[in-house]
Amino acid sequence: MALKPEQRIFIKHYLKSGDHIASYIKAVPGTDRKKAATCGKRWLKNQEISAEIAKHKPQRTPSIDEINNFQSTGQSEGKELTPQIKRFCEEYLVDLNGTKAAIRAKYSERSASEQAYDLLRKPQVQDYIQQLQLARSRRTEITVDNVLYELACIAFAKVTDFVRVETKTQEEYHPFASKEDDEDDDISGETITTSYRAVDVFETDGIPEDKIRALASIKMGRNGIEVKLNSKEKALELIGRHLGMWNDKLQVNAEEELKQLLKKVMGGAE
């Protein structure tokens, strides 16, 4: 889907200022700041708009030495960050809530929202937050791809990956007295074969690692082994949010990303 003229105006001004509110007002004149703040954030989450912004504003991944130096000196492009600003950046990573981060960093509660807004617009603060995120990813080895893959393993798991319903048979001998020679107590009988369905739970040693990720618990219950899977609906919802699928129309690049993710989870199968 092609970008609308007003969206291109928004991108142009956002690349210059980094201010989504002012950029939205430039693109849609007459909009009040409250509505511009909401609509501007929504546009930044739009797949095509964010891709266009990223295309014209590439981010360089710093080296480990640069990250270590940055964390120890608090400097970005020769500009020093105060301890309070560094604390704000660290608190911001906790919940990505600028106002709460400003309060925890000891800014005035009355002006915390404005302080957070101003700080998050500063390039050196954005750089510091990005580098803190990269340092944390290296430290924990947790990346967006790791999290998304884990969710996909849960979302696309099938109950038949862990159990199967099979038909079994059993033979029972039923004795009965012969009608022809009751006096001799000649007892005879017959063997009756019956069939029944049973649930066969696979041994965990034989289940692939990516399938095991979908298991929430395995326990022995009153009626045998109970297998519980993690919530597929919740995992699908989180994946959908990441891919921007809950808009009115599915973005083309989100659809392609979903196909690639499915291919990875299914072991390369088409």
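What follows is a short conversation about helix packing and nonpolar cores in this predicted model.

Reader: What makes α2 roughly perpendicular to α3?

Author: Helix α2 (residues 20-27) and helix α3 (residues 33-45) pack at an angle of about 100 degrees, their axes being 8 Å apart. Angles from 65 to 115 degrees count as roughly perpendicular, so α2 earns that description relative to α3.

Reader: Which residues make that contact?

Author: From α2 come His20, Ile21, Tyr24, Ile25 and Ala27. On the α3 side you will find Arg33, Ala36, Ala37, Cys39, Gly40, Lys41, Trp43 and Leu44. Sorted by class, the contact of α2 with α3 has nine nonpolar, two polar and two charged residues.

Reader: Why are α6 and α8 called roughly perpendicular to each other?

Author: The reasoning runs along similar lines. The angle between α6 and α8 is about 95 degrees, and their axes are 11 Å apart. Because the range for roughly perpendicular is 65 to 115 degrees, the label fits α6 and α8.

Reader: How many residues of the contact of α6 with α8 are nonpolar, polar and charged?

Author: Ile85, Phe88 and Tyr92 of α6 meet Ala116, Leu119 and Leu120 of α8. That gives six nonpolar, no polar and no charged residues in the contact of α6 with α8.

Reader: Which residues of the largest nonpolar core touch the most other members?

Author: They are Ile85, Phe88, Cys89, Tyr107 and Val125, in a core of 17 residues. Two or more residues come from each of α6 (83-95), α7 (98-104), α8 (112-121) and α9 (123-140). The largest share, five residues, belongs to α6.

Reader: What is Tyr107 in contact with, leaving aside its neighbours within four places in sequence?

Author: Tyr107 is in contact with Gln84, Ile85, Phe88, Ala102, Gln115 and Leu119. Apart from the largest core lies another one, of 13 residues, including Ile11, Tyr24, Cys39 and Trp43.

Reader: You mentioned Gln115. Why is Gln115 called partly exposed?

Author: Its relative accessible area is 29%. Buried means under 20% and exposed means over 50%, with partly exposed in between, so Gln115 is partly exposed.

Reader: Where is Gln115 found, and what separates its C-alpha atom from that of Ile103?

Author: Gln115 is found in helix α8. Gln115 and Ile103 are 12 residues apart along the chain, and their C-alpha atoms are separated by 9.5 Å.

Note on methods:
Residues numbered from 1 in each chain as written. Predicted model: local features only at pLDDT ≥ 70, side-chain atom pairs only at ≥ 80, totals over all residues. Heavy atoms only, no water. Core = buried A, V, L, I, M, F, W, Y, C linked by side-chain atoms within 4.5 Å. Buried < 20%, exposed > 50% of the residue type's maximum accessible area, 1.4 Å probe, protein only. Helix = DSSP H or I, 4+ residues; strand = E, 2+ residues; numbered from the N terminus. Contact = heavy atoms within 4.5 Å. Axes fitted to C-alpha atoms, helices over the stretch in contact; angles between N-to-C directions. Parallel < 35°, antiparallel > 145°, perpendicular 65-115°, else oblique. Nonpolar A, V, L, I, M, F, W, Y, C, P; charged D, E, K, R; others polar.
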